[in-house]
Each structure stands twice: as structure tokens, then as C-alpha cells.
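Notebook open, structure loaded. I want the fold order, then the packing.

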Amino acid sequence: MMAETEAASAAAAAEAGPAEEGTTNKTVVLVGVDDSDHSYRALEWAVRYVAETAGAGAPVELVVVHAKPAVSSVVTLGGPAAAGDVVRYVDADLRRRAEEVVDRARRLCAGNSVQGVVEVIDGEPRFVLCNAVEKHHADLLVVGSHGYGAIKR
């Protein structure tokens, strides 16, 4: 799998980086999750990686980020009369899906004895993930594929 190979290479490079004397370098692994199977497989890989790295005695931190889309990105209605009910319904559904994603991520972490920070952030996933990488000073970003084949990708 190409994503796993790239992730493993990046992880090895992050671990091999120079360390200042008297300090411990902590590897921060950030994984972007949504409700797709590809995303869940990426999370499984990241949790295994963190568990193995921590088991080897290296300091490592897992950050799980779910980007919850804004209602306005999902609902595009022309008339304000129906918009109120539709917006409330869509917002409730987006919150429910975010809770399911977070719950599934927490169960996977707990099942592998891995503690991680789990965040739900409103916004476009590409911006949310880039901002989270900067905020947490992530060494490794793990995401699932879109499921595209080599030609479409």
C-alpha cells in the first residue's frame, strides 16, 4: 500500500532526525479521520504504529482529527423558508456522524492501549488538517486514500 509505505518512510525520517542533548524528541503522529473505511484503515495503521513505537520506548503522541463540514457546505437552498428546518436537521446529522467517528476512534485506541488526543474541528478537511499539523507540530500525517485507482488518482 502506497500510503503505508510513504507513512513508514516519513516516520523513519522523523525518528532519525537530530536530537538535542538533554531533550527527548517526541514523534507526533496526526491522523485525519472521517466515516469512510479508508480513513478507519489509516487510523488502524497509525494506532499500531504508535503502539509499536511506544512499546519500543520511543516517546510518541497520537492526535486524531475529524473535520466536521460546515452546514453551509452541505446545504445550498435558495429559499429561507425551508432553510431553517433543513439546516437544523443537517447540523444534527453532522454532529451525530462526528460523534460516531470520534467514538469509533476512541474505542480503537483503547483496544490497543494507546492514548490519543481526539479533536473535532469545523471546516474543510484540507485546511483543518494543515492547521492541525502546524498546531501540534506533527512529524507524520496519516490519511486514508479516496479509494481511487492509479489511473484516476
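In what order do the elements of the protein chain run from the N terminus on? I read α-β-α-β-α-α-β-α-β, with five helices and four strands. I took helices (H or I, at least four residues) and strands (E, at least two) as DSSP runs, numbered from the N terminus.

Ground rules: this is a predicted model, where local features need pLDDT of at least 70 and side-chain atom pairs count only at pLDDT 80 or more, while totals for chains, interfaces and linings use all residues. Residues are numbered from 1 along each chain as its sequence is written, and side-chain values use heavy atoms, with hydrogens and water left out.

Burial next. I get 32% of the 153 residues as buried (under 20% relative accessible area, 1.4 Å probe, protein chains only). The chain exposes about 9,700 Å², and carbon and sulfur atoms supply 53% of that (Shrake-Rupley, 1.4 Å probe).

Then I looked up the largest nonpolar core (buried Ala, Val, Leu, Ile, Met, Phe, Trp, Tyr and Cys residues joined through side-chain atoms within 4.5 Å). It has 23 residues, and Val-29, Val-31, Leu-43, Leu-62, Val-64 and Val-142 touch the most other members. Strand 1 (27-33), helix 2 (37-55), strand 2 (60-68), helix 4 (80-111) and strand 4 (140-142) each give two or more residues to this core. Helix 2 gives the most, eight residues. Apart from this core I found another, of nine residues, including Val-28, Leu-30, Val-65 and Leu-129.

Last, contacts (heavy atoms within 4.5 Å). Leaving out residues up to four places away in sequence, Val-64 touches Val-31, Val-33, Leu-43, Ala-105, Val-117, Val-118 and Glu-119. Of the chain's contacts with a separation of 6 or more, 75% join residues 24 or more positions apart.

Note on methods. Buried < 20%, exposed > 50% of the residue type's maximum accessible area, 1.4 Å probe, protein only.
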